[in-house]
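Biologist: Could you take me closely through one part of this model, the strand pairing, and then set it against the rest of the chain?

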Amino acid sequence: MKKLHTKKRRINSKKGISMVLAIALAAVLFLSTTTFLSIAMLQQKETGTTMNSRQAYVSAKSALDIAKELLNDGKLSLPDSGSLYYVFYYVEGDPNVHVEEFTSSELALKWINNPSHASYTIIGNAYIKITKNADGSYTMTAVGKENKYDYSGDGNTGDLSTKFDVKYNLVEKEEIANLTMKQKTITSPTGNKFLMLGDQTSFSLLRSVRKTLNEGDTTFRTLQDYDTDNDNKSIIYIPKNEAGSTPLTTCFPLVFDKAVKSTSNGDSRLKFTAYDNGIYFLGNYTGSKVKSDYNSEAVDISFYTNSDAYGTALECKYLVIGGNMVCRPATGESGITLKYSGSSYNTDKGVVIYFTKDCKLMTYNNSKQIIKTVEYKKGYYYINLGDNNTAVDLFSENTKKSAVKIATNSEEYKRVNSIDMYSSMVDTNGKLKDIHSAYEGNWEKGKERVYILNDNGAFNTDPNSSSYSNTPRTTFNKGWKDYYIYCSPSEMPTASGYYDMYSGKEFNYLWYNIKPMEFNGNIDMSIHSSNITLSIGPDEKETVYYNNKIKNSNGNTYFPYSFNQTILPTSDFATDSNTQKFTAEGSNIIKQINSSASFSVKPYWNEKSFTLKVVNDFIVEMSDGTSYTVKADDYTDIPETGLNLFSNDAKKYFEDHSTSRVDSNSSSIKWVEDNAINTSVDSSNLDQSSSVVNFKATGGGTLKEDGTYKGRAIYCDFGNGSSGKDAIVTYGNNATLKADVVSIGADLLERKDGKGLRINTYSAHKESTCVVDGNPIDGSMLQITRKTTLKFNDTDADSITLSPGYYFFPGITGDFDILSKAFWEKWSSSNPYYKAEKLGDGTKAYKKVIVTTKMDPVDFEGKYF
């Protein structure tokens, strides 16, 4: 049988294998495409979710930001328990935020999704839920729904929460009232000191001594020049160097309200000395003048040295810095050296510095690069200078390391708090007052120049000026309305005419001269202001030292040095044969030689009342031989027509207002020791019923427990004008202040362990009166002299802050506790108390006041979860 053979097919032909590979490749590509598409779709979904989540966060945060503003404005309610819900929205054409409140989230969502609300713009596309927690705190949650990036159609709900505590305080609510108010007339001793401004052109005692001796430069000025910038809106002080005429040496505070430029060089150096006092650098300059010498980081400058200049020397007891400082000193020089200058170095051993805000002290090289920065946080510091008062470089890191942060209740600060004038230089918001010298060599664009004195300290007699005229003044410079002006003339004028000194806020007049303030000509001189300060001196028999030949390191003489105290800075001064003594005799006298001359104090133009502060006792002598003494007091009830001191009306007024005065730190009563309240004072010393007591305790403290402090008037000044964490605390301790007149100015009065502070002024109710709608009412009065916070230590409402003014409490006929929350809460719309910013019939400053509860502002920033 024939065997059959079958021929096998070759399946590895080129055509066949190509088909197999094509099919395989197609399968791989299909699988890859499917995989990649799945991954892409998943990533797209995740990206949409992420973007949706971010969008929800942003939306939720925007809703929370609006909620914070509305809550702090009192436009949202907080639940007593459970939760409340809110929706915020805009209506087209209306920029205001509208608010809807709900009791559930369902109702909130239903309102959002209501078609009739489609035209509204829902802020954050979210609703707000506020829940009160078991611990009394609150949780606020913003819940939003965003579908924009989510293609699944399911949406993504994003929520953002914050937790916060709420703190309440009491606040005054005022309305203008038809009333008049009068306080019993008792004058108050004042602790004011005259400020020596950086732009003060004449230190009149120094000038008068030098003129007497026919020596030296009779055109002494503290400034040699000015610089300007920012279209003349920035003024820069350029003080004189030692070789220029004289260093800045004074026993007054040296205050620089503008930036200071140092031009020290190899032959002359800039030096500031404030013996037993403070130096204040308060300027805040930013501009091309400093940037061109340094770089763009040199901003907010209070002091800077000229490029590649020698350093500056500061000698003082207290230093205040209110802005950054920059220097580029020559090789081997320091930017600023700091030493102590005062009479108590054995105790103090160093200088206290106050930085009014966070400040940088930057050192540059010649390439305009910062090579060193020393930063100080806002606060008080103490720098120990060792046994030998060794100068330190203020720009040095080693000085920063040695600087000890101190509190206002520290022993170091207590030694300087009586000379700390910073609080008097700023307003209640901490902003520097608009202070001016009576002579301004240059002035800011947009502000009116003050030109009461010439550059040599003599009175301006230009009949076209704002302060002098040949006829009675009918117009005045309205640009001075908000000014605080400081005037220290070097000599009295002889030209007849009308000399009008004025400023709306405060006018400070200093005659510090070894000669009397004499009116030789037919001179009509007046001061118009809401607050007038007179300092006429030196005091009778005060010893003044003058040295006209003190040698510098090169053996050359320069002069002068003048101090108004018996202890001189170094033994060299006291033993130098060229040091001369002048005993002031008749220096505290205002003398009328020409019978037609007048010197008047008056309210500011078109006002009806003012306060006259007399710093030291002085004598008025009239041309007919009549004389009287004006005591150092505060006078608040001078007639609205004012007083001509060369008149019998003035004589009668000041003699009628003369009363026995005593300082609280005097050895006879010892209410205060070392600037703090003496808690252990003997109870027998508390009764000073026949005296006006200046109860000044700048260090605060604790009043004697259950003690009754008595006086004809008690004027309390507790603390130094600080606030916040720097506030100086005074504890009431169940003490009572009882007098016809009680005034209080305190940083912080606090109730501790349930012990408050009682006031009793009812004994003067017949003379301290309040007439409302024509009807006299019975009650008690309290004067608050500066912003004062009363702390109750009560969880429901912790404090109330009082503004300056006269407070009249109807129906209070005995003790009242100002540190009792209940006392303040009872004043309602049907039972108000009354308040006057200042006294005088017809003023619009009269108010009726009720007390309400207000929530302190909350802040969520950085507290989201």
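Modeller: In this predicted model, strand β39 is joined by 3 bridges to strand β42 (residues 618-621), and the two run parallel. Within that pairing, Ile590 has Val620 of β42 as its bridge partner. Strand β39 (residues 589-592) also pairs with strand β31 (residues 517-519), again in the parallel sense and over 3 bridges, and there Lys591 of β39 stands opposite Glu518. In a regular strand the side chains alternate between the two faces of the sheet.

Elsewhere in the chain, 6 strands make up an open sheet of mixed pairing, in the order β26-β28-β30-β33-β41-β44. Its edges are held by β26 (435-437) and β44 (634-635), and because each of these has a single partner strand, one side of each is left without a neighbour in the sheet. Inside that order, strand β28 (residues 484-487) and strand β30 (residues 506-512) pair in the parallel sense over 4 bridges, with Tyr486 standing opposite Asn508 in β30.

These strands belong to a protein chain that has 11 helices and 65 strands. Among its contacts between residues at least 6 apart in sequence, 66% join residues at least 24 apart. Of the 865 residues of the chain, 53% count as buried, while the chain exposes about 39100 Å², of which carbon and sulfur atoms supply 46%.

A loop between two other strands deserves a separate word. Asp231 lies in the loop between β10 (223-229) and β11 (234-239), and Asn232 has its place in that loop between β10 and β11 as well. Most residues other than glycine have a negative phi, yet Asp231, which is not a glycine, has a positive phi of about 55°, and the phi of Asn232 is also positive, near 70°. As for their surroundings, Asp231 counts as exposed because its relative accessibility is 51%, where the cut-off for exposed is over 50%, whereas Asn232, with a relative accessible area of 28%, is partly exposed.

Turning to the side chains, the count of aromatic pairs comes to 52. One of them is formed by Tyr376 and Tyr381, which meet edge-to-face at 5.2 Å centre to centre, with 85° between the planes. Tyr376 counts as buried because its relative accessibility is 1%, and Tyr381, with a relative accessible area of 6%, is buried too. Ring pairs also link a cluster of residues, namely Tyr807, Phe809, Phe816, Phe823, Trp824, Trp827 and Tyr833.

Aromatic rings are met by charged side chains as well: Arg328 lies over the face of Tyr294, at 5.4 Å from the ring centre, and Lys752 lies over the face of Tyr731, at 4.9 Å from the ring centre.

Finally, the cysteines: the count of disulfides in the model comes to 0. Cys316 counts as buried because its relative accessibility is 0%, and Cys327 is likewise buried, with a relative accessible area of 0%.

How values were computed
Residues numbered from 1 in each chain as written. Predicted model: local features only at pLDDT ≥ 70, side-chain atom pairs only at ≥ 80, totals over all residues. Heavy atoms only, no water. Phe/Tyr/Trp six-rings, centres within 6.5 Å; stacked < 30°, edge-to-face > 60°. Buried < 20%, exposed > 50% of the residue type's maximum accessible area, 1.4 Å probe, protein only. Lys NZ or Arg CZ within 6 Å of the ring centre and 35° of its normal. Disulfide = S-S within 2.5 Å. Pairing = 2+ DSSP bridges. Contact = heavy atoms within 4.5 Å. Areas by Shrake-Rupley, 256 points an atom, 1.4 Å probe, with all protein chains shown as cover.
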